[in-house]
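Please examine the structure shown below. The explanation that follows proceeds from charged contacts to the turn between segments and then to the surface.

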Amino acid sequence: MEKPVRSLVKAISWRLVATLTTIFLVFIFSRDLVLGTIVGITELVLKTLIYYIHERIWNLSNFGRGVK
């Protein structure tokens, strides 16, 4: 079973990669770095929280785990 801190670190590392991708894409389409950064930061905060909650809920399930 994963500890909560592992779920949090995984969520943060993934969100950094995904957020940089979002900032880049918004910048490419809008040519506005400020808009890209605002969208990216908003997305970072919300999706980190959502991912962490999602991980913790899945951690309650035994689906796909072997029997010990």
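**Salt bridges and their surroundings**

In this predicted model, the side chains of Glu55 and Lys10 meet in a salt bridge, with a distance of 3.7 Å from N to O. Glu55 belongs to helix α2 and Lys10 to helix α1, so this pair ties together parts that are 45 residues apart in sequence. The two partners differ in their exposure class: Glu55 counts as buried, because its relative accessibility of 15% falls under the 20% limit, whereas Lys10, at 27%, counts as partly exposed.

Lys10 has a further partner. Lys10 also forms a salt bridge with Glu2, and here the closest N and O atoms are 2.9 Å apart.

Another link between the helices is formed by Glu43 and Arg15, whose closest N and O atoms are 2.2 Å apart in a salt bridge. Since Glu43 lies in helix α2 and Arg15 in helix α1, the pair ties together parts that are 28 residues apart in sequence. Are these two residues buried or exposed? Glu43 counts as buried at 11% relative accessibility, and Arg15 likewise counts as buried at 5%.

Taken as a whole, the structure holds five salt bridges. Through shared partners, salt bridges join Glu2, Arg6, Lys10 and Glu55 into one network.

**The loop between the helices**

Helix α1 spans residues 4-30, and helix α2 spans residues 33-59. Arg31 lies in the loop between α1 and α2. Which feature of the backbone deserves attention at Arg31? The phi angle of Arg31 is near 60 degrees, a positive value in a residue other than glycine. As a general matter, most residues other than glycine have a negative phi.

The side chain of Arg31 also takes part in a contact with an aromatic residue: Arg31 lies over the face of Phe27, at 6.0 Å from the ring centre. Arg31 nevertheless counts as exposed, because its relative accessibility is 60% and the class begins over 50%.

**Aromatic and nonpolar features**

The structure holds one aromatic pair. In general, a pair of aromatic rings is described by the distance of the centres and the angle of the planes.

On the surface, Phe24, Leu25, Ile28 and Phe29 make a nonpolar patch of about 440 Å². One of these residues, Leu25, is found in helix α1. Leu25 is partly exposed, with a relative accessible area of 41%; this value satisfies the requirement of over 30% for a residue to belong to a patch.

Note on methods. Residues numbered from 1 in each chain as written. Predicted model: local features only at pLDDT ≥ 70, side-chain atom pairs only at ≥ 80, totals over all residues. Heavy atoms only, no water. Patch = residues over 30% accessible without salt bridge, like charges linked within 9 Å, V, L, I, M, F, W, Y side chains within 5 Å. Areas by Shrake-Rupley, 256 points an atom, 1.4 Å probe, with all protein chains shown as cover. Salt bridge = Lys/Arg side-chain N within 4 Å of Asp/Glu carboxyl O. Helix = DSSP H or I, 4+ residues; strand = E, 2+ residues; numbered from the N terminus. Buried < 20%, exposed > 50% of the residue type's maximum accessible area, 1.4 Å probe, protein only. Phe/Tyr/Trp six-rings, centres within 6.5 Å; stacked < 30°, edge-to-face > 60°. Lys NZ or Arg CZ within 6 Å of the ring centre and 35° of its normal.
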